Amino acid sequence: MVRKIRNFIGNEYVEPRNEGKYEVFNPAFGEVIAKVSESTKEEVDNAIDLAQEAFFKWSETPVPDRIKLLFKLQKLLHDHMDEIAEITTNEHGKTFEESKGDLIRAIQNVESASAATYHSMGVSNKNIANGIDEELIKVPLGVFAIISPFNFPSMIPFWFMPYAIALGNTVIIKPSERTPMTMEYIMVLSVKLGSQRM
Amino acid sequence: MGSTPVAKYVYNKGTSNGKRVQAGASAKNFIVVMPDADLDGSIKNIIGSFFGNAGERCLAGSVLVTFEENHDEVVDKFLKEARGLKVGYGMEKDVDMGPLIRKEHLMRVISYIESGESEGARLLLDGRKIKVEKYPNGFFLGPTIFDDVSIDMKIAKEEIFGPVASIIKAENFEHAIELVNSSQYGNASSIYTRSGYYAREYVKRVNAGNIGINIGVAAPIAFYPFAGMKNSFFGEIHPQGGFEHVDFFTDRKVVIGKWYLLTYSPR
């Protein structure tokens, strides 16, 4: 029997309520390798509530501490590149080299987002009128949602996720139901980053 | 990220509910090979654009534009390289191209090949004939090449998302630009040339967000935005890095303040 893809919410696995509706194939073998269930509204609402709750703490975390997490994530993805790429090849079909390229681009976005210490700076004018100072500050927004396609299972969620979290937001990722295993595995690895919720 | 109807729907639904949305959509990318291009040095790069990731990427080359002066030479070299690609299971070492994502998608791409045939394009290489002995149930399709394609054919207009190349002969540079800009999409486009003039004109006049000069997959690196135009992108700020991306993930708060000298001591 093929296994069901699990949800990852609040730093732990949560068994989806529904039965697997969609099939994940290894397209080279033409075989079903996993199933994906459609989340219920309650499950999605719960994920949003937890992400909103995490936001209050995460947005208060100083930006240098936030990007320390990105440094760890960058190393983690590098250290596990071959495993992640093999999962991508088996669920998507692209060659192992292409899968590694997919992940390398994801990693480059983690690196790029670690400039958040600079990106989050504001601007100010002292004495814009007599005795009056004015400044612009950048503040995080809240919970972001990422709906990513099947063709680059690791790169495309990372076009958004590292920037969102570096700048103090929280994120919900819905990977493609056709290629969900790459992000599922990256989330397994991310447990190693510590107890902070992403 | 998805097809244009889905991206449009998500964009409209999100923005009408007061949310910020970046929605990447379909593409149809034109690759122009000028007669002065370094063809031998570029051919593998051109092939990578059309058949890398089995054509399942929004930056994949889909239409190859040639000219009277170089058409036969480009076609010969393109065909020869495409024939040499090994299709198979991506974990095996010498494999160049994997299968498509699903049986249904394979059938959809095949229906585009059939439409190309029925609309009168000349099939030079038929990917349907590829058999991967070891994996008879895989969703494989080999590189497929059509010549004598005209711009009004379905295979020249719609996103196929598979390893299918359509070759169109342009009358001159002006005509090539016209062909490229006739697309409803504007994700990526590339020119192969040794002329700085043509390269510069191409950048200026082509309505695509990611432009390659002697580079077939114009994928911006992480700290530049991934810039689609026209029906390839819905939103203002584009994915990936770049200073404006920071604005997408933050709100601006402007603080104006004045301080008075306290005339009493607070307790």
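Q: Which residues does B:Ser150 touch, not counting residues up to four places away in sequence?
A: The model is predicted. B:Ser150 sits in the loop between β5 (144-147) and α5 (154-157) of chain B. Leaving out residues up to four places away in sequence, the residues that B:Ser150 touches are B:Ala156 and B:Ile168.

Q: Is B:Ser150 buried, partly exposed or exposed?
A: Burial takes 20 or more other C-beta atoms within 10 Å, and exposure 12 or fewer. B:Ser150 has 14. That count lies in between, so B:Ser150 is partly exposed.

Q: What distance separates the C-alpha atoms of B:Ser150 and B:Val180?
A: Along the chain, the two are 30 residues apart. In space, their C-alpha atoms are separated by 12 Å.

Q: Which residues touch the most other members of the largest nonpolar core?
A: This core holds 65 residues. One of its best-connected members, B:Val65, touches B:Phe30, B:Ile31 and B:Ile168, among others, not counting residues up to four places away in sequence. The residues with the most contacts to other members are B:Val32, B:Val33 and B:Val65.

Q: How far apart are the end C-alpha atoms of helix α4 of chain A, and what span is expected?
A: Helix α4 (residues 96-113) of chain A has 18 residues. At 1.5 Å a residue, it should span 26 Å. The end C-alpha atoms agree with this, because they are also 26 Å apart.

Q: Which helices do the buried residues of α4(A) pack against?
A: The buried residues of α4(A) include A:Phe96, A:Leu103, A:Ile107 and A:Val110. Their packing partners in chain A are α2 (63-79), α3 (81-92), α5 (116-119) and α6 (161-166).

Terms used
Residues numbered from 1 in each chain as written. Chains lettered and ligands numbered in written order. Predicted model: local features only at pLDDT ≥ 70, side-chain atom pairs only at ≥ 80, totals over all residues. Helix = DSSP H or I, 4+ residues; strand = E, 2+ residues; numbered from the N terminus. Expected span 1.5 Å × (residues − 1). Contact = placed C-beta atoms within 7 Å. Core = buried A, V, L, I, M, F, W, Y, C linked by C-beta atoms within 7 Å.
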